[in-house]
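This report introduces one protein structure to a reader who has not met it before. It proceeds from the overall fold to the sheet and then to selected residues.

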Amino acid sequence: MMLKHITAAEAKKLVDQGAVLVDVREVNEYLGENIPGARTEPLSRIGGSSITGVPAVVFHCKSGARTRMNAQALASCTDADVYILDGGIEAWKAAGYPVARG
C-alpha cells in the first residue's frame, strides 16, 4: 500500500475532520515538542500497535524521513486511510500551526 504524502495544510484539514495524527518519534522527542492532540506511537514499538475505528491516520516525525522509510510498517498498523505529513512537525510549525513544548 502506498501512503499518500500530504502538506501540513492538508493534514490539518484531515485532523479537523476526525483523522488521528500519530507522532512516530521516540517519547523523549514527543515530550520535548509535539503537535497538540497527536498520539505518540514510537517507531520502536509500532509493530504491536493497532489503530482502528478512525477514518484516517496521518503519521509524522520530525522531518518526514522516518515516516517515508517505514511507510509499509505504518500502513500495516491500521485499516484506515493512511497519510504521511511531508516535512513532519517542522512543516507543521512552518505553516504556523501550534506546537506544545515540554
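## Terms and overall fold

In what follows, contact means heavy atoms within 4.5 Å, and helices and strands are DSSP runs numbered from the N terminus. The model described here is predicted. In these terms, helix 1, which spans residues 8-16, lies across strand 1, strand 2, strand 5 and strand 6 (81-85). Helix 1 runs at about 100° to strand 1.

The protein contains 5 helices and 7 strands. Followed along the sequence, these elements give the pattern β-α-β-α-β-β-β-α-α-β-α-β. The radius of gyration is 12 Å, close to the 13 Å that the globule rule gives for 102 residues, so the protein is as compact as a globular protein of that length.

## Dimensions, burial and surface

Taken along the principal axes, the C-alpha atoms fill a box of roughly 30 × 25 × 25 Å. Of the 102 residues in the protein, 44% are buried. The exposed surface of the protein amounts to about 5,100 Å², and carbon and sulfur atoms supply 53% of it.

How are the contacts distributed along the sequence? Among contacts between residues at least 6 apart in sequence, 67% join residues at least 24 apart.

## The open sheet

An open sheet is formed by 5 strands in the order 1-6-5-2-4, and the pairing is parallel. Strand 1 (4-6) and strand 4 (39-40) are the edge strands, each pairing on one side only.

The pairings can be followed across the sheet from one edge to the other. Strand 1 runs parallel to strand 6 and is joined to it by 3 bridges; here the bridge partner of His-5 is Ile-84 in strand 6. Strand 6 also pairs with strand 5 in the parallel sense, over 4 bridges, and in this pairing Ile-84 is the bridge partner of Phe-59. Ile-84 of strand 6 is thus a partner both of His-5 and of Phe-59.

Strand 5 (residues 56-60) pairs in turn with strand 2 (residues 20-23), in the parallel sense and over 4 bridges. Val-20 stands opposite Val-57 of strand 5. At the other edge, strand 2 and strand 4 pair in the parallel sense over 2 bridges, with Val-22 opposite Arg-39 in strand 4.

## Covered strands

In a regular strand the side chains alternate between the two faces of the sheet. Which residues are buried on each side of strand 2? Val-20 and Val-22 are buried on one side, and Leu-21 and Asp-23 are buried on the other, so that both faces of strand 2 are covered. Strand 6 is mostly covered, with 4 of its 5 residues buried.

## Ile-6 in an edge strand

Ile-6 lies in strand 1, one of the edge strands of the sheet. Is Ile-6 buried or exposed? Its relative accessible area is 3%, under the 20% limit for burial, and Ile-6 is therefore buried.

Leaving aside neighbours within four places in sequence, Ile-6 is in contact with Ala-11, Leu-14, Val-58, Tyr-83, Ile-84, Leu-85 and Asp-86. One of these residues, Tyr-83, is 77 residues from Ile-6 along the chain, yet the C-alpha atoms of Ile-6 and Tyr-83 are separated by 6.7 Å.

## Thr-67 and Ala-75 in helices

Thr-67 lies in helix 3, which covers residues 65-69. Thr-67 has a relative accessible area of 0% and is buried. Which backbone atom does the side chain of Thr-67 reach? The side chain reaches the backbone oxygen of Gly-64, at 2.9 Å. Not counting residues up to four places away in sequence, Thr-67 touches Val-24, Phe-59, His-60, Cys-61, Leu-74 and Ile-84. Among them, Phe-59 and Ile-84 are bridge partners of each other in the sheet.

Ala-75 is found in helix 4, which covers residues 71-75. Ala-75 is also buried, with a relative accessible area of 8%. Ala-75 and Ile-89 are 14 residues apart along the chain, and their C-alpha atoms are separated by 19 Å.

Key: Residues are numbered from 1 along each chain as its sequence is written. This is a predicted model: local features need pLDDT of at least 70, side-chain atom pairs count only at pLDDT 80 or more; totals for chains, interfaces and linings use all residues. Side-chain values use heavy atoms; hydrogens and water are left out. Two strands pair if DSSP finds at least two bridges between them. Axes are lines fitted to C-alpha atoms, for helices over the stretch in contact, and angles run from 0 to 180 degrees between N-to-C directions. The radius of gyration is taken over C-alpha atoms; the globule rule is 2.2 Å times the number of residues to the power 0.38. Buried means under 20% relative accessible area, exposed over 50%, partly exposed in between (1.4 Å probe, protein chains only). Accessible areas come from the Shrake-Rupley method with a 1.4 Å probe; for residues, only the protein chains shown count as cover. A polar contact is a pair of N or O atoms within 3.5 Å; within protein, one must be able to donate a hydrogen and the other to accept it, and residues adjacent in sequence count only if both atoms are side-chain atoms.
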